[in-house]
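Trainee: Before I rely on any of the labels attached to this model, I would like to go through the reasoning behind them with you.

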Amino acid sequence: MSRSSSSYRLGAVLVVAGGLAGAAVAAYGYFTPLTGITGTGGALLVIVSSILILLAGLIVALVGHPVWRNLLRALLALGILCTAVAGLFLHALPLTVAMVVAAIGLIIDSTRPARAARLQKGAIA
């Protein structure tokens with residue numbers, strides 16, 4: 001059975017959505033008074049890491065070469081895991097949920113066969 005192209009794009013969309021939601025939650029905690037993490041370095045680091053997750057999700061969707069794709073997927077998995085743990089340390093459960101969504105997207109994207117990734121229209125070889 002082959003999967004449709006839209007199911008492969010769903011993985012990239014979930015990674016990008018998780019990164020965007022994580023950045024929004026962390027920015028809310030960083031800038032809103034009385035959240036407990038207002039102005040902390042940890043919240044600022046999570047904002048940056050969530051934006052990097054968002055960008056990496058976009059890049060993984062465009063890269064067609066399997067070596068670069070797998071390297072980015074491994075780094076993306078590490079970034080998602082560490083950001084989820086940071087969300088637990090910051091007591092920001094919505095941030096951890098956003099990273100779980102991104103992880104699900106990464107798993108969906110990782111199930112894409114290499115041949116389908118190379119043949120995808122718009123992929124960078």
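Mentor: Gladly, and please keep in mind throughout that this is a predicted model. As an overview, the chain has five helices and zero strands, which gives the pattern α-α-α-α-α along the sequence.

Trainee: What makes the pair Asp109 and Arg73 a salt bridge?

Mentor: The closest N and O atoms of Asp109 and Arg73 are 3.2 Å apart, and the label requires a side-chain nitrogen of Lys or Arg within 4 Å of a carboxyl oxygen of Asp or Glu, so the pair qualifies. Asp109 belongs to helix H4 and Arg73 to helix H3, so to speak of distant parts of the chain is fair, with their positions 36 residues apart. Both Asp109 and Arg73 are buried, and the structure holds one salt bridge.

Trainee: Why are Leu81, Val85, Leu88, Phe89, Leu93, Val97 and Val101 called a nonpolar patch?

Mentor: A residue can join a patch if it has over 30% relative accessible area and no salt bridge, and nonpolar side chains are joined within 5 Å; these residues are therefore grouped together. Their accessible area together is about 680 Å². Two or more residues come from each of helix H3 (66-89) and helix H4 (93-110), with H3 giving the most, namely four residues. Leu88, for instance, is found in helix H3.

Trainee: What makes the group that includes Val15, Ile53, Leu76 and Met99 a nonpolar core?

Mentor: Membership calls for buried residues of the listed nonpolar kinds whose side-chain atoms join within 4.5 Å, and so this set, 11 residues in all and the largest such core, earns the name. Helix H2 (41-62), H3 and H4 each supply at least two of its residues, and H4 gives the most, with four. Apart from this core lies another, of 10 residues, among them Tyr30, Ala86, Ala92 and Leu95.

Trainee: How do you know that Met99 touches residues beyond its sequence neighbours?

Mentor: Residues up to four places away are not counted, and a contact means heavy atoms within 4.5 Å, so the partners that remain, including Gly18, Ser50, Ile53, Ile80 and Thr83, are contacts of Met99 beyond that stretch. For the chain, residues 24 or more positions apart account for 69% of the contacts with a separation of 6 or more.

Trainee: What share of the chain is buried?

Mentor: Buried residues, those under 20% relative accessible area, make up 37% of the 125 residues. The accessible surface of the chain comes to about 7200 Å², and 78% of that belongs to carbon and sulfur atoms.

Conventions
Residues numbered from 1 in each chain as written. Predicted model: local features only at pLDDT ≥ 70, side-chain atom pairs only at ≥ 80, totals over all residues. Heavy atoms only, no water. Patch = residues over 30% accessible without salt bridge, like charges linked within 9 Å, V, L, I, M, F, W, Y side chains within 5 Å. Areas by Shrake-Rupley, 256 points an atom, 1.4 Å probe, with all protein chains shown as cover. Buried < 20%, exposed > 50% of the residue type's maximum accessible area, 1.4 Å probe, protein only.
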